[in-house]
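Work through the two exercises below with the sequence and the model at hand. Each task is followed by its solution in steps.

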Amino acid sequence: MRTAKISVTATLLLLLASCGSTPPSDYYLLSEEATGIPGSSGPAIGIGPINIPDYLQRSVMVVNEERYQLQLDSTSRWAEPLDAGVLRVMSLNLAILLDTQKIQRFPWRRESPPDYGVIITIINLRVEAAEAHLAAEWTLKNTPAKEDITQKISQFKSAVPSADAAGVAASYSALLLQLSEEIAQEIRSHRDAHKSTTTTN
């Protein structure tokens, strides 16, 4: 009987020791890559909703992807839900690129709707070998007119600066800047065309 008690006590101690040796998690954020301070000359922009594939909507980071396999880093985690991070970074990028303080996150205010609405669906966001890839479907809307201006699928790639979770976060941030730049250019083109039409009339 005494031997059995000693055995149980030893097992419990081993379990406690293994729990205490679990490596701590590191937390990572996406970052806006556009530089500058947004002014007040740009249009009002509404951003969202942002849709993310279920396989990416997890706290643990996907650090590499092969054709049929994902590699997860159990000690590297997103500090916020990935869709919230994409929304935050796209908002900051577009504010800087379009020189506007008037950014609304979805759902937009009915009493003061934005001039343009941007809806984004991330189709694929992955690191494969030393390269990161983004495929996104996005819609640009003329909100007051309730019309779609542009709907397209864009694909971008970026080198991964380091083969770790920090490199993944940095490369994803660079990809979101490329997407932000394309959307900002589409908004500028539409505004210029609208101004030209107004002047002609």
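Helices (H or I, at least four residues) and strands (E, at least two) are DSSP runs, numbered from the N terminus. The model is predicted, so local features need pLDDT of at least 70 and side-chain atom pairs count only at pLDDT 80 or more, while totals for chains, interfaces and linings use all residues. Residues are numbered from 1 along each chain as its sequence is written, and side-chain values use heavy atoms, with hydrogens and water left out.

**Exercise 1.** Locate T100, classify it as buried or exposed, and find its polar partner.

Step 1. T100 sits in the loop between α2 and β5 (103–105).

Step 2. Buried means under 20% relative accessible area, exposed over 50%, partly exposed in between (1.4 Å probe, protein chains only). T100 has a relative accessible area of 0% and is therefore buried.

Step 3. A polar atom of the T100 side chain lies 2.8 Å from the backbone oxygen of P43.

Step 4. With contact taken as heavy atoms within 4.5 Å, and residues up to four places away in sequence not counted, T100 touches P38, G39, G42, P43, I45, L94 and A95.

**Exercise 2.** Do the corresponding analysis for R88.

Step 1. R88 belongs to helix α2 (residues 82–97).

Step 2. The relative accessibility of R88 is 19%, so R88 counts as buried.

Step 3. The R88 side chain reaches the backbone oxygen of L30 at 2.8 Å.

Step 4. Apart from neighbours within four places in sequence, R88 is in contact with L29, L30, E80 and R105.

Notes. Polar contact = N/O pair within 3.5 Å; in protein donor to acceptor, adjacent residues only side chain to side chain.
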